[in-house]
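The exercises below ask you to read local environments and enclosed space from a set of coordinates. Work through each task with the structure open before turning to its solution.

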Amino acid sequence: MKWYITLETACPYIRGIIDRSSEHRPETAGSIRIPVTEGKECTANGLLTRNRKGIIMYDPKSMRAEDFISHQEVLDTLGYARENRRNAALIDGIIEKAKLRKGLSHREAAVLLDCELEDRNEEIYALAQQIKKDFYGNRIVLFAPLYLSNYCVNGCVYCPYHMKNKHITRKKMTQDEIRREVIALQDMGHKRLAIEAGEDPVNNPIEYILESIETIYGIKHKNGAIRRVNVNIAATTVENYWKLKEAGIGTYVLFQETYHRESYEKLHPTGPKHDYAYHTEAMDRAMQGGIDDVGLGVLFGLELYRYEFAALLMHAEHLEAAFGVGPHTISVPRVKRADDIDPSMFSNGIDDDTFAKIVACIRIAVPYTGIIISTRESKECRERLLHLGVSQISGGSKTSVGGYCEPEPEDENSAQFDVSDRRTLDEVVRWLIELGYIPSFCTACYREGRTGDRFMSLCKSGQIQNCCHPNAMMTLMEYLEDYASAETRAAGQALIQSELVNIPNEKVRQVVVRNLENIRNGSRDFRL
């Protein structure tokens, strides 16, 4: 049996075959068909893989997890990358394509990740740094996690919240406790939160999450306000995603943990999270529920990193193919020590050099997507990754239930994982300034409706910086006036002054200068 594709729907790889083959090259413009006899078929949205019976095994447009995260396609990709890890001509071609800032396929990115040519690796790192500058400038967005509850009915073997853990103190904040925590976060200077809760339909129902979001948005303490609430809760229904959308959330974040189905089911032996398909298809339901900013992520160390890397990019390609918009963010956590979790239990841990290569290749493959690194990582590791592609970081974080208003007693440990970077938010802000970055507390795109495909179209064209760079400066000025130490204030004001000249539009620059003066005089919340 043979399958056919047209020139118009062929991917670049197949078009190259057509161009080199006189047998299939058309003499006149128009549609042609070429046979594909090796089980591969290209479409407008990428490669389809069929088995010998002609049944599709990989389809990025499919709404079934087993189709858009095809195990065989991942294995084929890893084999292709391994075979070409020293193929200089192919690697050069992929790098040249990456320089167009339009992204790479999962197969192309996998080749770069596996590349063993040291001079080409240096090019990869340099390109990642340049793409980061082109799309995000020197801004770094700051946020903090807020854990509402650690009650959970799942049995995830890498997470101390698992149901069988009897050591950890179980907590669920009341709305009054949430208010106190949010006021403490506002007094630190935070404007953006990521709320987290274990999966427990009795203790943490969707109604509790919605009430908590309303509470958080309703708190205005002094000059403080939480302007964006991102949500990281378990996979749920389309109906519940609609409720989250109506509650005004920013990004819905859900870590896949691992895309390897067999490993996934072993790592999640009990509880609703055991259902691989339901979990993996959650972003589709979120999109169907009106949430157009979604955040992907894997927990590196649970499975072989090359597998996770390829599958993660396949998931991004699926969202682009099925909904016309890729992930808003990608998180890259590594397994860390926690209450009854020892990272050495997992044999797939990655070192810092491999971690840096992963981040660089993600930045090149999906240049329009934000990359998040948390306080799981050390100051030194985070600094290295900032240069290679990370655009969002947490600061002054607590991974316990609450803990911002008052330190958690040692005998009431409720943390999900140990924090490596324990600096205060002010110390993190000053560190970023000294590195030449603009710490940004901006939430303007979300509040101006620049989400989903509207955000992506601006980001892909590079135009998003015309809004984000000035907004970052204005939100930094708010922080300096309201919360910063004297040393941080002096450094930040000098940075803002030097950055004004980098606003190319004279009218925009004058607006920013005027708004900065208004902020000094007590006004707040300016945005472009």
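**Exercise 1. Place threonine 77 in its helix and describe its surroundings.**

Solution. The model is a predicted one, and the first step is to locate the residue, which lies in helix H3, spanning residues 71-83. The second step is to judge its exposure: the relative accessibility of threonine 77 is 0%, and because the cut-off for a buried residue is under 20%, threonine 77 counts as buried. The third step is to look for partners beyond four places in sequence, and here threonine 77 is in contact with His106, Arg107, Ala110 and Ala310. Alanine 109 is 32 residues away from threonine 77 in sequence, while their C-alpha atoms are 9.7 Å apart in space. The last step concerns the polar part of the side chain, where a polar atom of threonine 77 lies 2.8 Å from the backbone oxygen of glutamate 73.

**Exercise 2. Compare the span of helix H14 with its expected value, and determine how far the helix is enclosed.**

Solution. Helix H14 covers residues 352-365, which makes 14 residues, and from its first C-alpha to its last it reaches 20 Å, close to the 20 Å expected at 1.5 Å a residue. Turning to burial, twelve of the 14 residues are buried, so H14 is largely enclosed by the rest of the structure. The buried residues include the charged-type names Lys357 and Arg363 alongside Phe355, Ile358 and Val359. At the N-terminal end, aspartate 351 acts as a cap, with a side-chain oxygen 3.2 Å from the backbone nitrogen of aspartate 353.

**Exercise 3. Find the largest cavity and identify what lines it.**

Solution. Begin with the count: the structure holds five cavities of 30 Å³ or more. The largest cavity contains about 830 Å³ of space. Its lining is made of 50 residues, of which Tyr147, Glu196, Asn232, Phe255 and Gln416 are the closest to its centre. Next, assign the lining to strands: at least two residues each come from several strands, among them E6 (139-149), E8 (228-232) and E12 (370-373). Strand E7 gives the most, with four residues.

**Exercise 4. Is serine 400 buried or exposed, and which residues surround it?**

Solution. Serine 400 sits in the loop between E13 and helix H16 (425-434). Its relative accessible area is 7%, and serine 400 is therefore buried. Leaving aside neighbours within four places in sequence, the contacts of serine 400 are with Tyr147, Glu408, Ser414 and Ala415. A polar atom of the serine 400 side chain also lies 2.9 Å from the backbone oxygen of glycine 402.

**Exercise 5. Decide how arginine 509 should be classed, and trace where its side chain reaches.**

Solution. Arginine 509 belongs to helix H21, residues 506-520. With a relative accessibility of 19%, arginine 509 counts as buried, because the cut-off is under 20%. Beyond four places in sequence, arginine 509 is in contact with Leu500, Val501, Ile503 and Pro504, and its side chain reaches the backbone oxygen of leucine 500 at 3.3 Å. Proline 470 is 39 residues from arginine 509 in sequence, yet the two C-alpha atoms are 8.0 Å apart in space.

**Exercise 6. What share of the residues of the chain is buried?**

Solution. Of the 528 residues, 59% count as buried. The chain exposes about 21,700 Å², and carbon and sulfur atoms supply 50% of that area.

Definitions and conventions:
Residues numbered from 1 in each chain as written. Predicted model: local features only at pLDDT ≥ 70, side-chain atom pairs only at ≥ 80, totals over all residues. Heavy atoms only, no water. Buried < 20%, exposed > 50% of the residue type's maximum accessible area, 1.4 Å probe, protein only. Areas by Shrake-Rupley, 256 points an atom, 1.4 Å probe, with all protein chains shown as cover. Contact = heavy atoms within 4.5 Å. Polar contact = N/O pair within 3.5 Å; in protein donor to acceptor, adjacent residues only side chain to side chain. Expected span 1.5 Å × (residues − 1). 1 Å grid on protein atoms, 1.4 Å probe; cavity = no way out; pocket = protein on both sides within 12 Å on 5 of 7 lines; lining within 4 Å. Points joined across faces, edges and corners; volume = space filled by probe spheres on them.
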